Amino acid sequence: MKLKVPVEITINGKSCSGEVEPRQLLVHFIRENAGLTGTKVGCDTSQCGTCTVVLDGSTAKACTVLTVQASGSSVTTIEGFADGANLHPLQEAFWNNHALQCGFCTPGMIIAADAILRNNPSPTREEIRQGLEGNICRCTGYQNIVRAVEQAAETMGGG
Amino acid sequence: MTTRVFSSGIRRREDPRLITGRASYTDDIKLPGMVYAAILRSMYAHANIRSIDTSAAAGQPGVIAVYTGADTEGALNGLPCAWLIPNSDLKTPAHPAIAKDRVRYVGDAVAVVVAETRYQAEDALEHIVVEYEPLDAVLNPKDAAQDGAPQLHDDAPNNVAFTWAVAGGDADAAFADADVTVSDVITLPRLIANPMEPRSAIAQWVGATGELTLWNTSQNPHIARFLTCVVTGVPEHKIRVIAPEVGGGFGSKIPYYPDEAITAFCSMRLGVPVKWTETRSENYLATTQGRDHIEEVEMAATSDGKITGLRTTVYAGLGAYLSTAAPGVPTILHGLMYSGAYDIPNISGTIYGVFNNGTPVDAYRGAGRPEATTLIERLVDVLAAELGMDPVEVRRKNLIPKFENGHDVVTGLTYDSGDYGATLDTVLDAAGYSALREEQEQARGEGRLMGVGVSTYVEICGLGPSQVAGAVGFQGGLWESAIVRFHPTGKVNVMVGSSPHGQGEETTFAQIVAEEVGVGVDDVEIIHGDTDLTPMGWGTYGSRTTAVSGAAVTLATRKIKDKSKALAAHLLEAATEDIEYEDGRFFVRGSPDQHKTIQDIALMANVAWDMPEGMEPGLEASAFYDPPNFTYPFGAHLAVVEVDPATGQIDLQRYIAVDDCGVQINPMIVEGQVHGGVAQGVGPVLWEGVVYDESGQPLTGTMLDYALPRADGLPDIEVQSNTTPSPHHPLGVKGVGEAGTIASTPTVYNAVMDALRPLGITRIDMPLTPEKVWRAMQDARNGG
Amino acid sequence: MYPANTTYHRAGSVAEAVQLLADNEGAKVLAGGHSLIPAMKLRLAAPQALVDIGHIAALRGISLEGGSLVIGALTNFATIASSELVQANAPVLAEATGVVGDPAVRNRGTIGGNVSHGDPASDPPTALTALGATYNVSGPGGERSIAASDFPTGLLENALQDNEILTGVSVPALAPGSGSAYVKFPHPASRYAVVGVAAIVASQGGSCSSASVVIGGVETTPTRASSVEAALVGSDLGNDALDAAAAAVAGDFTGDPMSDIFASDEYRRAMAAVYLRRALGIAASRAG
């Protein structure tokens, strides 16, 4: 039984390789092997969205992907969102609009919000709410998150 | 010029690390040599353990140790209950960290595996063989209290942990004399707190020094240290508890759990750091839950709607064991609030705290007060319907008139200040209440089921005077302390004993310091969550952190200001009483050009080259604030719903919150607390509730079955506020963390019942899932 | 959250995948993983080996061939939902794939994995069955097609033989003049369908010439609403006709019922009638 498999995944532009068990979830590779703990684990049934990352250009719940599946792929995590010291417009908008309290859902929420705006630069409030249906926040009641996404849409030229 | 920083919605200072993924939560921490624990939990709600065989598990790859209750017995003391309410015949059955002979709920810890990786630990759990002898289980708290119910603990006959009564006036006489009485049975479902961060603990025992460090997802690290000492026997001064970034708690991270004790035990046995992190499914079994009330309630009134009496009998499910604060929740935090925003002259309530074969129940956001507010506000609506009055009119008739400094209610509390009519007026105006009622008439004419729900509330928070804490059996104080330390460059560290975990006090506390002595907000760093770095404090819960800990910060900063004045007087060669302060500058009255800034003072105090006779060097002060009374925020909320007559689905269309939490330091944060609180209070009305089957198996075991509010299920929440300062608080602050949760449950429940009133439906148990509503409508249409 | 260990085999072709399945006892096919990995995380599934077909490029994509849409097994829901080809030729499938799970799930979940898993509360099989799709299968005995309606054989059971892999679905393009709709009552937590209804009606000269109506979530396999279809054909698709047709659905539930704490079988049947009526209204408005 081949217990470990070599993998190589580009995370935030940097190649990360290792030998992992086939059962390892991508979120654990990101957190444990790559040491990027901004990606969170909030549930075990793919509901909460705290583990959301960008996988080969579209969002994925990293708890529902095996590391081995993603070998050869490219991943962006929340740590890869800011451009050096310059925050991503969504990060800025989350900060401006008090769109986070405990912060645990925030990395996944920002990445889900980014996907909304990439598909639809000028979403309605309703479209934003629907676009966030796979991400649970227990602190904010979502309202300021929706506001933040609206503001980011304006900043990013949609709006 | 004095309010630049205060009442300003400045951006939170904790956010940059959170939005960039750089914050460090407990499970993000990795220590050299760390190993991983996984806990085997009972699959039975109630069973005797005949035998446990761990030999196969011990031989699995990577396994370092397997421990059972036989190992922890004698090494770990039982888990203590820390709220021993008096005059209630309270029973405190033993609560071992790992069950040895008997399990009492699905989730009770049975064994722990420590392995090199978490995956290996999980693998090994499957190789532990436990032989159980299943016993009958009971979940419904009223059923559990009846003769013949399965018994959980030998020392708690009929599973009754306590019987607690509240009384004021003469309720029986009021009911005997009443023009009209109404009654209802209200159930508040068992709720899962669901902070997005699951609980986690890392224990690091260093045998050579006898020191235990515990990183823990705690709302109150100092209490965790205190109770770690009680359970592990490690002396308190040798324990350091660190609550790093904590991802929400909502009450569920107040208790001291078996899990952190087990993790500490493993580290102490093995001499290496041990991490334990629960999965979400495990959280649904092993993390304390909230509510679980069956409330049999009745109200007496005059024919013109004046409430004359309230009587309740409440069965409060406690789960299988007494959690840390459990007995206080359905009693002190519930029964004492029975007067709500009204003058109700005669009140009597009996609350039975009942063990059942469920996960232990403890504080959950609002803790006792949503349960109280729901029963009062529901009865007011039932009374209004009985009298044919508008529910708002009944409320107006009974509201306590405006008061600024103390109002006694018959349950024995003295509310601090209130203007309940004003918040009600504001919400009705904001909603366009009369237009809504007209719209509703029209909708009903079209066969549409539109409903409008209103609720007022008063909550008790700012817990609280320590003398009262002692009198009601809380095994601790409820004061807070702060140390404010100015560095030579004029920058400030503030160390507080409370432990915010999302509420934003790193910002609001900095605003307080900035407001008091004129430094920049960014010149102040708030340090919290580490018992080695911070002074004693009792934690963040009960909407108390800004109210109590913030007061301590204020008082400590005012001491700084006093010393600064004296030092400025010395440096300016004037008398202290002639020194004035404005905007960070100390100057001799009449000569503002000749001044010393707070930074000048900080430098001089720290270098101490030229100090007045007898003045100590340094610019540091500490304060302990023990509140003279609780604070009593209040408000009025309104919801508009429409029920689909074909499906029973409920559309929450509008929600308007008007809250008065006293003076607001950061209105943006206040509004955020209201939003989140409202969402959590709507949850149990529309979606949330734990369901067990008859054998005690939870059927809502994952997020696939337990429905939480999502972005697409909530409307925009319209928020307004009034300001009635607390007369006894140094800043006039009252607290806001739980307001939304307390008000929104009765508001939305009343709205749905209002929508269904034309069909003759008067009650449905929460959560109001579509099928339940549909069935009620079917029954009503069939004449049932 | 922590799956049991397994071995991993990445297949470069369908033939290789079939061989790997044959060579590895207890192997499971891994595509997007959005049915299998959740089960593995809760240790409800613990395959001894995983055969990953997720990197076989030939299994990805959407084309129109001879009047049928051919959708590769690895095509994800988001791609299908936003495909102009699908929106033009099988809009009910675009609607159904557009409401699976949530956006991130739709990016990773594949049509082949979804159909093979066969969850009765999932949206795509309902639409595919209504569309009269066929599933293309490869195995040790070569290739074959299975009608969508013949594919499920029970709760989470299907007509795939040992070591067969579903490689794609073929969907006949809707005839001109057809109108269709997929409407769903989502479970508030899982987002699966408590009831999902796919309705397709064609209208000629003011009269319904054909109808295909399938309901998911009510029984352990998708329910074809034959009585409803019969009532629709020949009708004028007016409100009264749709009311009458929807009411006929009660007779169509003859299989094994679904029931859980959120929605009993009785409620699901009642909601099927309500959602069916809504679906028919939308479909009829789009027909002609």
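Me: Two strands pair if DSSP finds at least two bridges between them, so what makes strand E2 of chain B a partner of E4(B)?
Reply: Strand E2 (residues 47–53) of chain B and E4(B) are joined by two bridges, which meets the requirement and therefore makes them a pair. Strands here are DSSP runs of E with at least two residues, helices are runs of H or I with at least four, and both are numbered from the N terminus. The two strands run antiparallel, and B:Ala47 stands opposite B:Val103 in E4(B). This is a predicted model, in which local features need pLDDT of at least 70 and side-chain atom pairs count only at pLDDT 80 or more, while totals for chains, interfaces and linings use all residues. Residues are numbered from 1 along each chain as its sequence is written, and chains are lettered from A and ligands numbered from 1 in the order in which they are written.

Me: Why is the sheet that holds these strands called open, and which strands stand at its edges?
Reply: Its three strands follow the order E4-E2-E6 in chain B, with antiparallel pairing. Strand E4 (102–103) and strand E6 (129–134) each have a single partner strand, so one side of each is left without a neighbour in the sheet.

Me: Chain B has 20 helices and 28 strands; what makes it as compact as a globular protein of its length?
Reply: The radius of gyration, taken over C-alpha atoms, is compared with a globule rule of 2.2 Å times the number of residues to the power 0.38. For the 784 residues of chain B the rule gives 28 Å, and the model has 27 Å, so the chain is as compact as a globular protein of that length. Along the principal axes, its C-alpha atoms fill a box of roughly 90 × 70 × 45 Å.

Me: What share of chain B is buried, and how do you know that a residue is buried?
Reply: A residue is buried if 20 or more other C-beta atoms, placed from the backbone, lie within 10 Å of its own (exposed if 12 or fewer, partly exposed in between). By that count, 62% of the 784 residues in chain B are buried.

Me: Why is C:Leu276 counted in a nonpolar core?
Reply: Such a core is a set of buried Ala, Val, Leu, Ile, Met, Phe, Trp, Tyr and Cys residues joined through C-beta atoms within 7 Å. C:Leu276 belongs to the largest one, of 415 residues, and is among the members that touch the most others, together with B:Ala37, B:Val113, B:Val513 and B:Val752. Helix H11 (residues 265–286) of chain C gives the most to this core, with twelve residues. Two residues are in contact if their C-beta atoms, placed from the backbone, lie within 7 Å; leaving aside neighbours within four places in sequence, the contacts of C:Leu276 include C:Val197, C:Ile215 and C:Val249.

Me: How many residues of chain C touch chain B, and what makes that side of chain C nonpolar or charged?
Reply: 13 residues of chain C are in contact with 18 residues of chain B. Ala, Val, Leu, Ile, Met, Phe, Trp, Tyr, Cys and Pro count as nonpolar, Asp, Glu, Lys and Arg as charged, and the others, Gly among them, as polar. The side of chain C that touches chain B has eleven nonpolar, two polar and no charged residues.

Me: What does chain A bring to its contact with chain B?
Reply: The contact takes 43 residues from chain A and 44 residues from chain B. H3(A) provides four residues, the largest share of the chain A side, which by class has 18 nonpolar, 18 polar and seven charged residues.
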